[in-house]
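Here are some friendly notes to read alongside the model. Take the points one at a time, with the structure open beside you.

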Amino acid sequence: MLVFGGIALIAAGMLFGDIFAVFVLHQNGGQSGEALLAAAHAVAAQDVPAVNAAFVRVGNLLEDRGTKVDAHVHMIDAGYLALLLALVQPYVALSAPRKKFLAKLFLAGGLLLPVGIFLIHYVGLAYSPFPVIGWASILADSAGALLIVVLLAEGWGFWNYVRSKHSSLVEPEPPKDRTWERRALLSGGTVLMLLGFVYGAWYAGVNLYEHENREMLILKDLLDQPAGAGGLTSSVNAYGRLQAEKAVQIAAHSHIIEFGLLAILLAFVQPLVFLSARWKRIWVGVMLAGSVILPVFVLLELKLGLLAGGIADIGGLMVIVALVGMLVGVVRQTGSLDAEVGRTPRKALGSAQ
Amino acid sequence: MSQARKVLIIGGLVLAAVGMLYGLHYAVFVEHQTLDRMGGALSNAFAHAAEHRWDESQHALTAYRETKYDYVRQVDVHSHWIGLAMLMIVLGVVFDEVAFSERGRFAIALAMLAGSIVFPLGVILQTARMAPLGSALAIAGSGLVIVAVGATAVGFVKGNAT
């Protein structure tokens with residue numbers, strides 16, 4: 001259940017991220033630029049209420065964008081945690097029904113948390129009994145609390161296992177195979193993470209401070225030239241370009257590392273993917289290829305424009321398709337286990353006769 | 001369980017707990033105030049400029065810069081600590097498959113643990129008016145993590161070849 005739910009959450013979170021990137025991200029950036037330009041024009045017109053109104057709009061757009069990014073990130077991270085929990089189940093000393101109940105709670109929390117975050121922007125403070133927290137925030141916080149409770153309960157089960165001197169595993173570990181798929185995912189995942197770390201170090205050393213300084217220079221320009229309407233537009237455009245530069249560089253860094261971690265986690269669950277070796281290899285290849293294509297073409301978006309954005313989206317889609325392919329294998333594996341359980345009593349009955 | 005795996009799994013669990021507690025403390029006691037201050041400072045910079053109060057506008061812009069500098073690094077500390085901890089736990093599960101001697105694996109695990117502690121710590125020090133020391137620690141820590149992950153990748157690839 002945790003393996004299936006974890007992969008499903010990750011795939012759904014990625015699909016949401018792809019849809020967000022195509023239909024919301026660029027439009028939101030354009031509207032933020034317009035709002036900043038309106039604020040700069042309001043400075044030129046010495047219109048303080050218009051300045052405040054423009055910043056209210058900027059805040060609204062930032063909330064819209066931020067909650068969608070957070071929903072995407074939290075759904076995927078809940079999926080990662082579900083996969084990690086699946087790995088440690090053999091060491092959690094709790095009864096099978098309790099473990100099943102905890103798994104259901106965790107998946108419910110992992111689904112409701114991003115749904116709550118997504119709704120924050122739309123629900124706002126409507127019908128809320130609190131002055132600053134809306135119903136959607138309450139839903140998100142409650143779901144987060146549910147995840148914490150489940151993690152504590154799993155920790156309690158692990159503590160029980162440690163206290164019992166590791167006498168025996170509570171349930172069998174997944175077989176540790178040395179298949180091509182497992183080795184490719186382990187090596188590929190670690191190399192992806194290494195590339196992400198090296199790129200992150202380069203970004204911090206070369207671009208972080210330069211971006212911070214450039215942002216201040218652009219904002220100073222905006223404030224210093226209220227009379228020059230043409231200059232305002234070019235300053236706002238420069239600000240938009242800077243935000244885009246930062247966004248693609250940070251996205252490339254974080255996505256390649258996340259994909260690396262996902263590849264390593266998927267290496268562990270390969271024995272539970274009930275597909276032929278050929279199909280398993282295909283999905284591993286598609287997954288690793290998509291994991292390279294997305295961050296590389298996100299980076300190239302500034303140079304190649306929408307073409308690179310489109311290719312990056314295809315990279316994301318490749319990862320999603322590979323995950324769904326593996327998910328089908330997990331469903332087939334659980335189906336085969338159910339069939340096995342169904343056959344056992346009849347066999348036993350037959351031998352008794 | 002080998003020493004290297006213990007270092008990665010136990011170190012990762014402790015680091016994850018520290019990162020989460022740090023994030024919880026920041027979210028409850030600092031973040032909202034910081035975001036308000038940051039948004040308010042930028043908005044004030046523009047509003048004062050509209051009133052031709054240039055000095056106050058510059059002060060507000062400087063306040064925005066300083067607040068944002070702190071905010072970006074505090075959030076980075078929280079996310080990097082937890083992210084590195086998760087990586088350590090996950091690698092700890094399969095670290096015996098890294099094709100080096102037990103001593104070599106232990107050295108890699110120690111380097112990863114040390115780097116994962118020191119790198120975000122350096123970033124915190126950058127916000128505590130100790131920027132040169134903080135930067136030096138952040139560079140050293142991230143370098144250690146990169147070397148350790150690189151060695152792990154080589155170990156996995158070597159294991160594939162044998």
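1. Chain B has an average pLDDT (the predictor's confidence in each residue, from 0 to 100) of 89, and 98% of its residues score at least 70. Within chain B, the lowest mean among the elements, 86, belongs to helix H1 (residues 3–50), and the highest, 94, to helix H3 (residues 102–127). Helices here are DSSP runs of H or I with at least four residues, numbered from the N terminus.

2. Remember that this is a predicted model, where local features need pLDDT of at least 70, side-chain atom pairs count only at pLDDT 80 or more, and totals for chains, interfaces and linings use all residues. Residues are numbered from 1 along each chain as its sequence is written, while chains are lettered from A and ligands numbered from 1 in the order in which they are written.

3. Now look at helix H5 (residues 180–224) of chain A. Its 45 residues should span 66 Å (1.5 Å times one less than the number of residues), and the 62 Å between its end C-alpha atoms agrees with this. At Asn207(A), H5(A) bends by about 45°, taken as the angle between axes fitted to the seven residues ending there and the seven starting there.

4. Is Ala136(A) buried or exposed? Ala136(A) is buried, because 22 other C-beta atoms lie within 10 Å; the cut-off for buried is 20 or more, and for exposed 12 or fewer, with C-beta atoms placed from the backbone. You will find Ala136(A) in helix H4 (residues 135–163) of chain A.

Conventions
Helix = DSSP H or I, 4+ residues; strand = E, 2+ residues; numbered from the N terminus.
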